[in-house]
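Reader: Please take me through the terms used for this model, and set each value against its cut-off.

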Amino acid sequence: DTIDLAIHPADGSRDREEALGRCLHHLGEEHREVLSRRYAESQSVKAIAADLGVTPNAVSLTLHRARQKLMNCMQKRLDMNGQPG
């Protein structure tokens with residue numbers, strides 16, 4: 001359940017970093033919150049669920065949807081950056 005967003009200096013890290021920031025900005029608040037709690041704060045799914053008053057399954061589903069939206073957005077942005085202007 002980890003997002004591999006490793007940034008390597010020689011392969012467009014600035015583009016990836018910019019895409020990530022823009023895509024995170026465009027996610028809904030709920031998606032940003034669970035992603036932040038899970039990955040930036042290293043909270044467990046159970047802990048997030050308890051804090052939000054929902055089931056762990058609901059948190060897992062929200063994380064899945066958030067990661068999908070984030071990956072789709074980043075792919076679109078990175079594809080746009082790679083095309084000739």
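Author: What follows is a short exchange on burial, salt bridges and the nonpolar core. This is a predicted model, in which local features need pLDDT of at least 70 and side-chain atom pairs count only at pLDDT 80 or more, while totals for chains, interfaces and linings use all residues. Residues are numbered from 1 along each chain as its sequence is written, and side-chain values use heavy atoms, with hydrogens and water left out.

Reader: Why is R37 called buried or exposed?

Author: Buried means under 20% relative accessible area, exposed over 50%, and partly exposed in between (1.4 Å probe, protein chains only). R37 has 17%, so R37 counts as buried.

Reader: What makes D51 and R37 a salt bridge?

Author: The term requires a side-chain nitrogen of Lys or Arg within 4 Å of a carboxyl oxygen of Asp or Glu. The side chains of D51 and R37 meet at 3.2 Å, N to O, and therefore satisfy that cut-off. The pair links distant parts of the chain, with D51 in helix α3 and R37 in helix α2, 14 residues apart (helices are DSSP runs of H or I, at least four residues, numbered from the N terminus). D51, at 53%, counts as exposed.

Reader: Which residues are linked with R37 in a network of salt bridges?

Author: E33, R37 and D51 form that network, since E33 also pairs with R37, the closest N and O atoms being 3.3 Å apart. E33 and R37 are four residues apart in helix α2, which means a separation of about one helical turn.

Conventions
Helices (H or I, at least four residues) and strands (E, at least two) are DSSP runs, numbered from the N terminus.
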